[in-house]
Amino acid sequence: MKFLISFLFSFFLLFSFNSFTQTSNLKDYLDTAALFKESGEYERAVDVLEAAKDFNKNPQLLKYRARLEFLSGRSKQALGLFNSIKDKDWQSFLYLGLIDEDLGKEALAIENYSKSLDLRINSIAYLRLGKIYRKKGDYKKAAKYFSSL
């Protein structure tokens, strides 16, 4: 039964995607990509956003696609997309920190997590900074960030 529901859901999304690709707006692409993302189909979500050629410079689409690339395990592609966004928000800096950490660039990760915190207090940045400093053996700084959670 689960398989049948999953198949019908995928068929509906694929059919819907194909039917609106010519005349859709940005919201249609983002909504369809979100449906695939929520079902764990990151590759298909990226495919939907890649098809949105009319909107490929849109910062909202770029940010969403960059997040999907990161979630798909493609940190270098995600980094390129995030770097192409001019006005970065706290989430962009948070993801840049996650990407830098994934690529082994701890100094850049610290910088990006700190920028994220400057724009908005968020527990993920505090947690990641605490973990980085704990790993480096700087327990005093680690404790400072962990206690902010």
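Which residues in α7 meet which residues in α8? The legends below take up this contact and others in a predicted model.

**Figure 1. Overview of the chain as a succession of helices.** The predicted model contains nine helices and zero strands. Read from the N terminus, the order of elements is α-α-α-α-α-α-α-α-α. The chain has 149 residues, of which 39% are buried. Its exposed surface amounts to about 9100 Å², with carbon and sulfur atoms supplying 56% of that area. Among contacts with a separation of 6 or more, 38% join residues 24 or more positions apart.

**Figure 2. The contact of α7 with α8.** On the α7 side, the residues are Glu106, Ala109, Ile110, Tyr113, Ser114 and Leu117. They meet Ala125, Tyr126, Arg128, Leu129, Ile132, Tyr133, Lys135 and Lys136 of α8. By class, nine residues of this contact are nonpolar, one is polar and four are charged. The axis of α7 and that of helix α8, which spans residues 123–136, approach within 9 Å and cross at roughly 150°. Angles over 145 degrees count as roughly antiparallel, and α7 and α8 are therefore roughly antiparallel to each other. The crossing in which α7 passes α8 is left-handed.

**Figure 3. Ile132, a buried residue of α8.** Ile132 lies in helix α8. Because its relative accessibility is 1%, Ile132 counts as buried. Beyond residues up to four places away in sequence, Ile132 touches Glu101, Glu106, Ala109, Ile110 and Tyr113. Of these partners, Glu106, Ala109, Ile110 and Tyr113 are also among the α7 residues that meet α8. Glu101 belongs to α6 and takes part in the contact of that helix with α7. Ile132 and Glu101 are separated by 31 residues in sequence, while their C-alpha atoms are 8.6 Å apart in space.

**Figure 4. The contact of α6 with α7.** Helix α6 covers residues 90–102 and helix α7 covers residues 106–119; their axes come within 8 Å and cross at roughly 160°. This angle makes α6 roughly antiparallel to α7, since the term applies to angles over 145 degrees. As α6 passes α7, the crossing is left-handed. From α6, the contact draws on Trp90, Phe93, Leu94, Leu96, Gly97, Leu98, Asp100 and Glu101. From α7, the contributors are Leu108, Ala109, Asn112, Tyr113, Lys115, Ser116 and Leu119. The contact of α6 with α7 comprises nine nonpolar, three polar and three charged residues.

**Figure 5. Leu98 and its partners.** Leu98 sits in helix α6. Apart from neighbours within four places in sequence, Leu98 is in contact with Phe70, Tyr113 and Arg128. Tyr113 is one of the α7 residues in the contact with α6, and Tyr113 also appears on the α7 side of the contact with α8. Arg128 is one of the α8 residues that α7 meets. The C-alpha atoms of Leu98 and Ala109 are 6.7 Å apart, and the two residues are 11 apart in sequence.

**Figure 6. The contact of α8 with α9.** The axes of α8 and helix α9 (residues 139–147) come within 8 Å, crossing at roughly 165°. That angle makes α8 roughly antiparallel to α9. The passage of α8 by α9 is a left-handed crossing. Tyr126, Leu127, Leu129, Gly130, Lys131, Tyr133 and Arg134 represent α8 in this contact. Opposite them in α9 are Tyr139, Lys141, Ala142, Tyr145 and Phe146. The contact of α8 with α9 consists of eight nonpolar, one polar and three charged residues. Tyr126, Leu129 and Tyr133 occur in this list and also among the α8 residues that α7 meets.

**Figure 7. Two residues of opposite exposure, Ser92 and Lys57.** Ser92 is found in helix α6. With a relative accessible area of 1%, Ser92 is buried. Setting aside neighbours within four places in sequence, Ser92 is in contact with Lys63 and Phe82. Lys57, by contrast, occupies the loop between α3 (42–50) and α4 (59–71). Lys57 counts as exposed because its relative accessibility is 72%. Lys57 and Ile85 are 28 residues apart in sequence, with 8.8 Å between their C-alpha atoms.

Key
Residues are numbered from 1 along each chain as its sequence is written. This is a predicted model: local features need pLDDT of at least 70, side-chain atom pairs count only at pLDDT 80 or more; totals for chains, interfaces and linings use all residues. Side-chain values use heavy atoms; hydrogens and water are left out. Axes are lines fitted to C-alpha atoms, for helices over the stretch in contact, and angles run from 0 to 180 degrees between N-to-C directions. Helices (H or I, at least four residues) and strands (E, at least two) are DSSP runs, numbered from the N terminus. Angles under 35 degrees count as roughly parallel, over 145 as roughly antiparallel, 65 to 115 as roughly perpendicular and the rest as oblique. A crossing is left-handed if the near helix is turned anticlockwise from the far one by less than a right angle, and right-handed if clockwise. Contact means heavy atoms within 4.5 Å. Ala, Val, Leu, Ile, Met, Phe, Trp, Tyr, Cys and Pro count as nonpolar, Asp, Glu, Lys and Arg as charged, and the others, Gly among them, as polar. Buried means under 20% relative accessible area, exposed over 50%, partly exposed in between (1.4 Å probe, protein chains only). Accessible areas come from the Shrake-Rupley method with a 1.4 Å probe; for residues, only the protein chains shown count as cover.
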